[in-house]
Amino acid sequence: MENISQPPVPPADAAAVHPGIEPISYLLGTWKGQGEGGFPTINSFSYGEELRFTHHSYRPVIAYTQKTWKLNSGEPMHAESGFWRPKPDGFIEVVIAQSTGLAEVLVKEITRVFRLIGGDLSYEVEMATNSTSLQPHLRASLKKL
Ligand code: HEM
């Protein structure tokens, strides 16, 4: 009978980074922090957040997972995961699937701005929906663990 099992992946050098992801390799690791959310149509809220960026040296791609929770109870909120692929022109292609299913497709427009300031990773998310123009939804600041 034909052996259809996948061959074992050779062990990666844990310290090695594919040259293609060198420009954003500072993201690799686990970041934890908290943020604030709101929108003209909803009540504002606070949340805890963990981001993980992982990589192996075989492919120029970083895998990304995010989870958030209510600060007072720990109850899970939004979660998402995806892949970040730096391109030679300096742009980064990011694909993200959200726990809310089609949310990213239903939202008309989303902008995400990430900043690394003094070792802290912060971001701002703005979005436009069919009823609301481009407005802030989230801002958060995270530290590397
Ligand atoms: C880029 C990522 C996100 C997108 C595109 C997104 C999109 C949306 C949209 C379209 C709405 C409905 C707004 C309206 O009714 O006018 C919404 C509501 C909401 N979002 Fe987000 N969201 C994102 C991330 C998050 C995260 C990370 C959290 C929590 C940590 C969160 C928490 C909420 C809450 C609490 C509401 C109010 C409605 C509800 O209670 O379900 N969102 N979001």
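# Briefing: an eight-strand sheet with a ligand

An open sheet of eight strands runs in the order E5-E4-E3-E2-E1-E8-E7-E6, and its pairing is antiparallel. Strands E5 (92-98) and E6 (109-117) stand at the edges; each has a single partner strand, so one side of each has no neighbour in the sheet. From one strand to the next, the twist averages 20°. The model is a predicted one.

**Overall make-up**

- The protein chain holds one helix and eight strands.
- Read from the N terminus, its elements follow the pattern β-β-β-β-β-α-β-β-β.
- The chain has 145 residues, and 10% of them count as buried.
- Among contacts with a separation of 6 or more, 38% link residues 24 or more positions apart.

**Around the ligand**

- The ligand has 19 residues around it.
- Thr-41, Ile-42, Tyr-47, Thr-68 and His-78 come nearest.
- Six elements each supply at least two residues of this shell: strand E1 (29-39), strand E2 (42-54), strand E4 (76-86), helix H1 (103-106), strand E7 (120-128) and strand E8 (135-144).
- E2 gives the largest share, three residues.
- By class, the shell has eleven nonpolar, seven polar and one charged residues.

**Strands E3 and E4**

- Strand E3 covers residues 62-70 and pairs with E4 in the antiparallel sense.
- Seven bridges hold this pairing.
- Across it, Trp-69 stands opposite Pro-76 in E4.

**Strands E6, E7 and E8**

- Nine bridges join E6 and E7, again in the antiparallel sense.
- Ile-117 stands opposite Asp-120 in E7.
- E6 and E7 form a hairpin, with two residues between them.
- Gly-118 lies in that turn and has a positive phi of about 55°.
- E7 also runs antiparallel to E8, and seven bridges join the two.
- Ser-122 has Ser-141, in E8, as its bridge partner.
- The hairpin from E7 to E8 passes through six residues.

**The nonpolar core**

- In soluble globular proteins, nonpolar side chains tend to be buried together.
- Here the largest nonpolar core has five residues: Ile-21, Leu-27, Leu-51, Phe-53 and Ile-62.
- Leaving aside neighbours within four places in sequence, Ile-62 is in contact with Ile-21, Ile-24, Leu-27, Leu-28, Phe-53, His-55, Phe-83 and Trp-84.
- Core members Ile-21, Leu-27 and Phe-53 are therefore among the contacts of Ile-62.

**A closer look at Val-125**

- Val-125 is found in strand E7.
- It has 16 other C-beta atoms within 10 Å; a residue needs 20 or more to be buried and 12 or fewer to be exposed, so Val-125 is partly exposed.
- Arg-112 is 13 residues away from Val-125 along the chain, yet their C-alpha atoms are separated by 4.6 Å.
- Beyond neighbours within four places in sequence, Val-125 is in contact with Ile-110, Arg-112, His-137 and Leu-138.

Terms used. Residues numbered from 1 in each chain as written. Predicted model: local features only at pLDDT ≥ 70, side-chain atom pairs only at ≥ 80, totals over all residues. Helix = DSSP H or I, 4+ residues; strand = E, 2+ residues; numbered from the N terminus. Contact = placed C-beta atoms within 7 Å. Near = placed C-beta within 6 Å. Nonpolar A, V, L, I, M, F, W, Y, C, P; charged D, E, K, R; others polar. Pairing = 2+ DSSP bridges. Axes fitted to C-alpha atoms, helices over the stretch in contact; angles between N-to-C directions. Core = buried A, V, L, I, M, F, W, Y, C linked by C-beta atoms within 7 Å.
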